[in-house]
Structures are given as structure tokens and as C-alpha cells.
Amino acid sequence: MFKIIHCSLMLLSLSLFFIMSDSKEMYLPSRLNREGELTVLQQQSEQQQHHPPSMLCQNIKPQHSVDIKQISGKWYGNEIIIHTQDLPGVYQYHSCVIVYINDITEQSVDEYEPLHASVRYLRLIWSEKDLNIEYNFNYTMNRPGLWHNMGEQRGSMVALNQYTQFNGRVQVVNSINDHLVLTFCGSDMHHSIYTIVLSRNPEGLNSVTIRSIRNLLTRRGLYTESIRKVCESISSSGHRIIIPFLTLSTFGLLMRIYWMLRKFY
């Protein structure tokens with residue numbers, strides 16, 4: 001009887017260990033400079049200068065039907081997936097990326113001369129660690145999922161000279177009520193290709209949705225093994241703590257039962 005109880009507890013302990021291992025991603029420390037942690041965009045610019053990507057912008061089949069009004073407003077970053085093979089791994093950043101999207105066609109009539117009646121304009125503001133970058137794009141009504149960059153970016157990050165100007169396009173890979181997936185790809189070999197996964201809810205997306213998005217990008221021919229997790233303090237830090245806590249509590253309870261039963265057998 002004693003051997004049976006002992007073997008059962010050992011098997012259950014091993015099962016709990018594998019559950020813990022499977023439920024957590026391996027996080028690598030993000031890189032720091034003297035002022036503190038680099039933002040994702042700053043690190044992207046630094047890597048572009050020293051490790052240019054080996055692929056050009058490609059057609060990854062952007063979503064054909066995109067309601068610009070529906071995707072306008074505030075979005076919270078979940079993760080940035082880098083589609084180059086230089087630094088594989090999951091890197092956790094202690095900052096939060098917030099993106100604002102707005103149609104600015106009416107305000108841009110004087111600034112930009114419309115090439116065609118169907119051409120419209122939108123502005124995307126990327127905010128991170130009290131810094132921001134402002135992008136301006138144009139798109140056509142028949143292809144609202146493909147945005148072309150217009151001019152140079154502006155913002156406080158540019159003023160710090162820690163940002164490489166983006167010249168390319170953004171493809172809307174997936175647009176649903178609660179999340180938005182945008183792939184930035186440059187027009188030459190000196191720009192990275194990366195995807196930002198956004199959610200309306202500051203708590204972020206669940207692991208099933210994140211996994212399905214990564215699988216979608218993989219099917220589109222993009223490398224998805226280099227990931228920057230952002231907004232972790234808002235989204236999933238609590239989830240990462242509760243699983244090990246419950247597992248250790250269960251293990252402790254089993255050990256108590258083990259010692260109690262040992263007294264009787």
C-alpha cells in the first residue's frame with residue numbers, strides 16, 4: 001500500500017511539473033542602455049543599422065474588407081513579432097505600447113493633393129515609455145487593408161535621434177472587434193519586417209488567440225520565433241503568478257496527505 005501511494009504521488013508531481021512547463025513561455029531579458037530599457041522601436045532601429053534583415057516587403061494577403069471607422073481609436077499592444085531570424089526567443093519589455101488610429105482625410109485636403117477620389121488618409125501614433133512616433137498613411141477605398149507611408153515620421157522619439165525613418169507600407173493582416181494585427185514592412189533591405197498584435201482591452205488577448213495569430217503569420221510565410229512581449233504589467237502578469245501558486249499549493253497538500261498516510265501504513 002505504501003509503495004502504491006508513493007508511486008501515485010510521484011506520477012502526479014511529474015504531471016504537475018509538465019503542466020507548469022507547458023503553461024509558461026521562456027522569457028529572455030530585454031536589452032538596456034544607460035538611461036534604462038530601450039523601447040521596442042528604438043531597439044528595432046538599432047538592429048536595422050547593425051543587422052539588416054534578409055527579406056524585402058512581401059504581399060502577405062492583407063484583409064480585403066477593413067472598416068476604418070471600426071478600427072479607429074485606442075489600441076493596446078500585446079506583442080511585437082520580428083520576422084527576421086537574428087534574435088529568436090521571447091523578450092519581455094516593462095513598457096506598454098499604445099497605438100492610436102484616426103482617419104484624417106478631411107484635415108489633409110489642404111496638405112495633400114488627392115491622387116484620386118478614392119484615396120483617403122489616416123494617422124497612426126505609436127506611444128511607448130512617454131515617447132511617441134506619428135505615421136501618416138494613404139489607402140484606397142478598394143484596398144483599405146494596405147496602407148502606404150507618406151513622408152517622414154514625427155514625434156519625440158525622432159527628436160532623440162534613436163529612430164530610423166520608416167519608408168514602406170502597413171498591411172492589415174487581421175481586423176476583428178477585439179484585436180488588430182498590423183504588419184510593418186519597409187521598401188528596402190534596411191528596414192525590418194515586424195507585426196504588432198493589438199487589443200482593445202488593456203488586459204490583452206488570451207493565449208489561444210495569440211497562438212492562432214502566430215499560426216496565421218506562419219502560414220503567410222513569415223518567421224515568428226522572435227517575440228517582444230509588451231504591456232505585461234497590465235495584461236498577464238497575474239496569470240503567470242497564479243498557475244505556479246496553485247500548482248505548488250496542490251503539491252504541498254499532496255505531501256501532507258503522504259505523511260499522514262505513512263503514519264497508518
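A charge is taken to sit over a ring if NZ of Lys or CZ of Arg is within 6 Å of the ring centre and within 35 degrees of the ring normal. All of the views below show a predicted model.

**View 1. Arginine side chains over the faces of aromatic rings.** R228 lies over the face of Y91, at 4.9 Å from the ring centre. In a further case of this arrangement, R200 is placed over the face of W75, and here the distance from the ring centre is 3.8 Å.

**View 2. Strand β10 between its two antiparallel partners.** Strand β10 covers residues 168-175, and 7 of its 8 residues are buried, so the strand is largely enclosed by the rest of the structure. Strand β9, made of residues 143-149, runs antiparallel to β10 and is joined to it by 3 bridges; within this pairing, H148 has R169 of β10 as its bridge partner. Strand β11, residues 179-186, also pairs with β10 in the antiparallel sense, over 7 bridges, and here S175 has L180 of β11 as its bridge partner. The connection from β10 to β11 is a hairpin through 3 residues. In a regular strand the side chains alternate between the two faces of the sheet.

**View 3. The largest nonpolar core and the surroundings of L182.** The largest nonpolar core has 36 residues, of which L124, W126, Y135, W147, L182 and F184 touch the most other members. At least two residues of this core come from each of α3, β4 (73-82), β6 (97-103), β7, β8, β10, β11 and β12 (193-199), and β8 gives the most, with 5 residues. When residues up to four places away in sequence are not counted, L182 touches I101, L124, W147, V170, Q171, V172, Y194, T195, I196 and L198. A second core, separate from this one, has 13 residues, including I60, V173, L205 and L216. In soluble globular proteins, nonpolar side chains tend to be buried together.

**View 4. An aromatic cluster with a stacked pair.** The aromatic pairs in the model come to 8. In one of them, the ring centres of Y135 and F137 are 5.9 Å apart and the planes meet at 10°, so the pair is stacked; planes under 30 degrees apart count as stacked. Both Y135 and F137 are buried. These two residues belong to one aromatic cluster that is formed by W126, Y135, F137, W147, F166, F184 and Y194.

**View 5. A buried salt bridge between strand β4 and helix α5.** The salt bridges in the model come to 5. One of them joins E79 to R214, and the closest N and O atoms of this pair are 2.8 Å apart. Because E79 lies in strand β4 and R214 in helix α5 (residues 207-219), the pair ties together parts that are 135 residues apart in sequence. With a relative accessibility of 1%, E79 counts as buried, and R214 is also buried, with a relative accessible area of 16%.

**View 6. Two salt bridges that meet at E134.** R123 forms a salt bridge with E134, in which the closest N and O atoms are 3.3 Å apart. This pair links distant parts of the chain, since R123 is in strand β7 and E134 is in strand β8, 11 residues apart. R123 counts as partly exposed at 24% relative accessibility, whereas E134, at 19%, counts as buried; the cut-off for buried is under 20% relative accessible area. R154 also forms a salt bridge with E134, with the closest N and O atoms 2.8 Å apart. Here R154 is in the loop between β9 and α4 (156-159), 20 residues apart from E134 in strand β8, and R154 counts as partly exposed at 45% relative accessibility. Elsewhere, salt bridges that share partners join E79, R214 and K229 into one network.

**View 7. Two loop residues with positive phi.** K61, although not a glycine, has a positive phi of about 60°, and it is found in the loop between α2 (40-50) and α3 (68-71). With a relative accessibility of 61%, K61 counts as exposed. D130 is likewise not a glycine and has a positive phi of about 65°; its place is in the loop between β7 (119-128) and β8 (131-140). D130 is exposed, with a relative accessible area of 78%.

Notes: Residues are numbered from 1 along each chain as its sequence is written. This is a predicted model: local features need pLDDT of at least 70, side-chain atom pairs count only at pLDDT 80 or more; totals for chains, interfaces and linings use all residues. Side-chain values use heavy atoms; hydrogens and water are left out. Buried means under 20% relative accessible area, exposed over 50%, partly exposed in between (1.4 Å probe, protein chains only). Helices (H or I, at least four residues) and strands (E, at least two) are DSSP runs, numbered from the N terminus. Two strands pair if DSSP finds at least two bridges between them. A nonpolar core is a set of buried Ala, Val, Leu, Ile, Met, Phe, Trp, Tyr and Cys residues joined through side-chain atoms within 4.5 Å. Contact means heavy atoms within 4.5 Å. A salt bridge is a side-chain nitrogen of Lys or Arg within 4 Å of a carboxyl oxygen of Asp or Glu. Rings of Phe, Tyr and Trp (its six-membered ring) pair if their centres lie within 6.5 Å; planes under 30 degrees apart count as stacked, over 60 as edge-to-face and the rest as tilted.
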